[in-house]
Amino acid sequence: MDRKKARIVREKKTIEEMIKLYCHHYHGTKGDELCPDCRSLLDYVYLRVDKCVFKENKPTCKNCTIHCYSKPRKAQIKEVMRYSGPRMMFHAPGLALMHLIDGWKDKALIEKFLAEREKKNREK
Ligand SMILES: [Zn+2]
């Protein structure tokens, strides 16, 4: 698997862990279980990641300049982040650290993507 793909897999895994933490705490689920609400949120996030306009250059969602979530979903994921964000360092330190590093690299990625898109538009 190449590095860009690995990054997207990592992002999915990170969000899955965050939703699990949140669901276990607020909805009383355990292990790999998710309540129907949180399951549908996770499915939604996966779909957004797969349909991301940046494709393999996708930044971590937090740093993205294009906000593609619907309003209710955005509110829902914010709730999850608020609870799980600070807990990830203890719950899954490796994943949390990699996600942090991915986030640092984002700015350069986004700038490159926008510059390339602009170049293409000019050539049309
Ligand atoms: Zn839940």
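**Notes on the helix contact and the zinc site**

1. A good place to start in this predicted model is the contact between two helices: from α2 come D37, S40, L41, Y44 and V45, and they meet R73, Q76, I77 and V80 of α3. By character, the residues of this contact comprise five nonpolar, two polar and two charged.

2. Now for the geometry of that pair. Helix α2 covers residues 36-50 and helix α3 covers residues 71-91; their axes come within 11 Å and cross at roughly 110°. That angle falls in the 65 to 115 degree range, so α2 counts as roughly perpendicular to α3.

3. Next, please look at the zinc ion. Its ligands are C23, C35 and C38, each through SG, together with H27 through ND1, at 1.9 to 2.3 Å. Along the sequence, the donor residues follow the spacing C-x3-H-x7-C-x2-C. Two of the donors tie distant parts of the chain together: H27 belongs to helix α1 (residues 3-27) and C38 to helix α2, with their positions 11 residues apart in the numbering.

4. What arrangement do the four donor atoms around the zinc ion make? The angles they subtend run from 105 to 120°, and therefore the arrangement is tetrahedral. For comparison, the ideal angle for four tetrahedral donors is 109.5 degrees.

5. Finally, are H27 and C38 buried or exposed? H27 has 37% relative accessibility, so this histidine is classed as partly exposed. C38 has 2% relative accessibility and is therefore classed as buried.

Key: Residues are numbered from 1 along each chain as its sequence is written. This is a predicted model: local features need pLDDT of at least 70, side-chain atom pairs count only at pLDDT 80 or more; totals for chains, interfaces and linings use all residues. Side-chain values use heavy atoms; hydrogens and water are left out. Axes are lines fitted to C-alpha atoms, for helices over the stretch in contact, and angles run from 0 to 180 degrees between N-to-C directions. Helices (H or I, at least four residues) and strands (E, at least two) are DSSP runs, numbered from the N terminus. Angles under 35 degrees count as roughly parallel, over 145 as roughly antiparallel, 65 to 115 as roughly perpendicular and the rest as oblique. Contact means heavy atoms within 4.5 Å. Ala, Val, Leu, Ile, Met, Phe, Trp, Tyr, Cys and Pro count as nonpolar, Asp, Glu, Lys and Arg as charged, and the others, Gly among them, as polar. Donors are N, O and S atoms within 2.8 Å of the metal (3.2 Å for Na, K and Ca); water is not among the atoms, so sites may look incomplete. Four donors count as tetrahedral if all angles lie between 85 and 135 degrees; four count as square planar and six as octahedral if opposite donors are over 155 degrees apart and all others between 65 and 115; anything else is irregular. Buried means under 20% relative accessible area, exposed over 50%, partly exposed in between (1.4 Å probe, protein chains only).
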